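Student: I am new to this structure and should like a close look at one open space in it. Please describe that space carefully, and then set it among the parts around it and beyond it.

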Amino acid sequence: MGHHKEFIDKPMLDAAVTGRAFKLAAVIGGVGLAATAAGLAMGEKEQFFFSWLVAFMVFTTISVGALFYTIIHHVARATYSAGLRRTAENVAANLPIMAVLFIPVILGMHTLYHWTHAEAVAEDPILQWKSGYLNDTFFLIRAAAYFAVWTALIWFFRRTSVAQDASGDVALTFKMRKYAPIGVLAVALSITFAGFDWAMSLDPHWFSTMFGVWTFAGSLVGFYAVQALMVLWLSKPGRYENTLTVGVRHDAGKLLFAFTIFWAYISFSQYYLIWYANIPEETAFFQHRLQGGWENVGRLVIIGHFLLPFWVLMSRHMKRNRTVLALGAGWMIVMHFVDLYYVIMPNFHTHGPHYHWMDLTALLGIGGLWLAFIIRRYQKAAGVAYRDPQLIASMEYDNA
Amino acid sequence: MADRRRNWGLLAEFQNPARLLEAAQAVRERGYTKFETWSPFPIHGMDDAMGLKGSRLGWIVLAGGLTGLTTGLTLQWWAGTMAYPLVIGGKPLFAWEFALPVTFELSVLLSAFGAVFGMFALNRMPKPFHPLDRVKRFKKVTDDAFFLSIEAGDPKFDLEESRKLLESLGGTGIVVVEE
């Protein structure tokens with residue numbers, strides 16, 4: 001083509017840049033976790049566990065979304081995403097850390113999940129019927145299995161990808177492509193059942209077969225929002241400005257836009273079928289969430305998670321504008337939190353929303369820690385897969 | 001050839017998409033405005049190389065989508081509450097919940113119509129005849145050939161100068177196309 005591009009950015013980010021970002025994230029995380037621990041010490045046990053579960057779900061789903069994106073790149077043999085690949089790998093590599101942050105959920109199982117109470121199950125035929133699946137042991141085995149699968153997958157994909165930085169061996173690309181299809185299957189099944197276990201079973205009588213794909217849709221919206229912000233950060237002058245072109249930023253924006261619509265389609269379909277069938281055992285879920293003030297949170301989700309970003313992110317011009325994309329992506333991370341809050345919290349504050357400061361500190365605590373671990377990976381390895389055989393071609397796409 | 005036809009322009013063939021892209025860029029840089037590239041598939045970066053502005057198609061699609069949205073909603077509201085106010089399955093005469101699928105589908109349908117028919121209109125299609133159809137080799141453009149044409153109507157057009165430019169860019173089989 002006119003002028004062949006080549007990789008001219010430095011493979012590693014400046015230590016000063018990552019050092020500053022790491023400190024900031026670690027401080028936010030440390031303060032958030034300390035404040036949340038103080039809240040627990042003050043005896044607000046129930047509030048603590050629910051606030052923690054929401055924050056845990058926000059960052060676990062985003063990490064699983066990143067894992068899915070890492071793998072789907074290889075399934076599709078995509079070229080455009082070669083420059084984005086390392087970002088997804090670095091985010092997904094937090095999944096083993098999410099396993100550690102799952103410990104409070106285990107400790108709070110009996111506070112969070114009604115079906116863990118033997119006496120409640122004894123007098124409830126529906127819970128007895130479900131007890132083959134919803135019981136303490138199997139719940140823990142499944143959680144261990146999800147984290148084992150996620151950890152194994154990201155360990156393999158990130159390690160192979162980083163090894164290619166050193167060797168430039170094209171065979172590693174083919175190796176990753178070979179294991180990608182089974183990986184996608186494993187992620188799809190694990191996130192579906194994780195959604196059932198950790199969020200849907202909070203209301204153990206209620207069920208929705210769309211809940212798994214709803215969890216998946218939200219995971220990707222959250223991840224694409226994080227990815228867009230990271231691409232904006234990584235493409236600043238002196239970082240990867242020549243690799244992560246305006247076309248790559250545009251792609252990050254397009255993915256966020258597309259999956260915002262996908263999420264809306266799935267969320268509405270779940271609501272619509274329940275509304276239309278009008279069967280009490282299914283409608284109870286939305287009944288709690290449409291009264292006592294929760295209906296306002298629901299309106300915020302419809303407007304903030306779909307209508308607003310739909311119009312803002314639709315235009316090409318907006319997606320290529322750094323400020324608009326940053327605002328849109330930041331907003332969508334907040335909305336991902338609100339969406340999970342709206343599904344999880346009404347199980348605790350059944351009569352209406354009761355906002356607690358621990359909702360925020362748990363989110364900042366886990367989020368800061370989560371971000372600090374991601375930045376650590378930029379200190380240890382190149383921030384883009386700079387010897388990926390597709391990388392140069394990906395830089396040629398400008399989405400004109 | 002008893003009748004004397006007017007010159008439509010020049011046509012040159014290029015070896016591959018990369019050469020065509022370079023040629024388009026050079027022709028634009030020389031100040032030509034009425035030129036066109038022809039290839040069997042879209043070429044990444046060609047819009048920039050040719051200096052094409054963003055398409056107006058998006059606005060046509062938006063207009064189609066909004067028409068579908070309004071039509072879908074008002075049709076269901078009018079039919080359910082005015083024309084045939086029947087209670088079905090205990091549902092209200094009108095509710096946004098059940099109205100949404102039809103509204104969505106109609107928005108998508110009319111958006112798609114806007115995209116397809118808008119594209120036809122903007123490309124001035126269908127066009128049963130084009131001067132380039134006279135060039136036999138040009139048939140290969142739907143298979144494996146890449147062409148660039150400069151119209152005689154271009155203010156910068158000069159039969160000799162333009163021919164030399166195309167030659168210098170690596171164009172082969174340069175022919176004068178008659179109207």
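Tutor: A pocket is an open set of grid points, spaced 1 Å apart, that has protein on both sides within 12 Å along at least five of seven lines, and its volume is the space filled by probe spheres set on those points. The model in view is predicted.

The second largest pocket encloses about 750 Å³ of space. Its lining is made up of 23 residues, and those nearest its centre are Leu229(A), Ile333(A), Gly367(A), Trp370(A) and Leu371(A). Five helices of chain A each give at least two residues to this lining: H1 (15-41), H2, H11 (211-234), H16 (322-344) and H17 (357-380). Of the contributors, H17(A) gives the most, with 10 residues. In class, the lining of this pocket comprises 21 nonpolar and 2 polar residues, with no charged residue.

One of the helices around the pocket, H11(A), also packs against H10(A), at an angle of about 110 degrees and with the two axes 8 Å apart. Angles from 65 to 115 degrees count as roughly perpendicular, and H10(A) and H11(A) are therefore roughly perpendicular to each other. On the side of H10(A), the residues that meet the partner are Ile191(A), Thr192(A), Gly195(A) and Phe196(A), while H11(A) brings Phe211(A), Gly212(A), Thr215(A), Phe216(A) and Ser219(A). That contact divides into 4 nonpolar and 5 polar residues, again without any charged residue.

The helix H10(A) leads to another space, a closed one. The structure holds 1 cavity of 30 Å³ or more, and the largest cavity has a volume of about 50 Å³. The residues that line the largest cavity are His73(A), His74(A), Arg77(A), Ala78(A), Arg85(A), Thr173(A), Met176(A), Arg177(A), Asp388(A) and Gln390(A). Both H2 and H10 (170-198) of chain A supply at least two of these residues, and the largest share, 3 residues, comes from H10(A). In class, the cavity lining has 2 nonpolar, 4 polar and 4 charged residues, whereas the lining of the second largest pocket has no charged residues.

Among the residues of the cavity lining is Arg77(A), which sits in the loop between H2 and H3 of chain A. Its phi is near 50 degrees, a positive value in a residue other than glycine. The two helices joined by that loop, H2(A) (residues 45-75) and H3(A) (residues 85-92), pack at an angle of about 140 degrees, with their axes 8 Å apart. H2(A) and H3(A) are therefore oblique to each other, and their crossing is left-handed. From H2(A), the contact draws on Ile62(A), Ser63(A), Ala66(A), Leu67(A), Tyr69(A), Thr70(A), His73(A) and His74(A), and from H3(A) on Arg85(A), Ala88(A), Glu89(A), Val91(A) and Ala92(A). In class, the contact of H2(A) with H3(A) has 7 nonpolar, 4 polar and 2 charged residues. His73(A), His74(A) and Arg85(A) thus appear both in this contact and in the lining of the largest cavity.

Chain B offers a further pair of packed helices. There, H3(B) (residues 57-83) and H4(B) (residues 96-122) pack at an angle of about 150 degrees, with their axes 7 Å apart. Angles over 145 degrees count as roughly antiparallel, and H3(B) and H4(B) are therefore roughly antiparallel to each other. The crossing of H3(B) and H4(B) is right-handed. The residues of this contact are 13 nonpolar and 12 polar in class, with no charged residues. In the loop between H4 and strand E3 (146-151) of chain B lies Pro126(B). The bond that joins Met125(B) and Pro126(B) is a cis peptide bond, with omega about 0 degrees.

Methods: Residues are numbered from 1 along each chain as its sequence is written. Chains are lettered from A and ligands numbered from 1 in the order in which they are written. This is a predicted model: local features need pLDDT of at least 70, side-chain atom pairs count only at pLDDT 80 or more; totals for chains, interfaces and linings use all residues. Side-chain values use heavy atoms; hydrogens and water are left out. Axes are lines fitted to C-alpha atoms, for helices over the stretch in contact, and angles run from 0 to 180 degrees between N-to-C directions. Helices (H or I, at least four residues) and strands (E, at least two) are DSSP runs, numbered from the N terminus. Angles under 35 degrees count as roughly parallel, over 145 as roughly antiparallel, 65 to 115 as roughly perpendicular and the rest as oblique. A crossing is left-handed if the near helix is turned anticlockwise from the far one by less than a right angle, and right-handed if clockwise. Contact means heavy atoms within 4.5 Å. Ala, Val, Leu, Ile, Met, Phe, Trp, Tyr, Cys and Pro count as nonpolar, Asp, Glu, Lys and Arg as charged, and the others, Gly among them, as polar. On a 1 Å grid over the protein atoms alone, a cavity is a set of points where a 1.4 Å probe fits but cannot get out, and a pocket is an open set with protein on both sides within 12 Å along at least five of seven lines; lining residues have an atom within 4 Å of a point.
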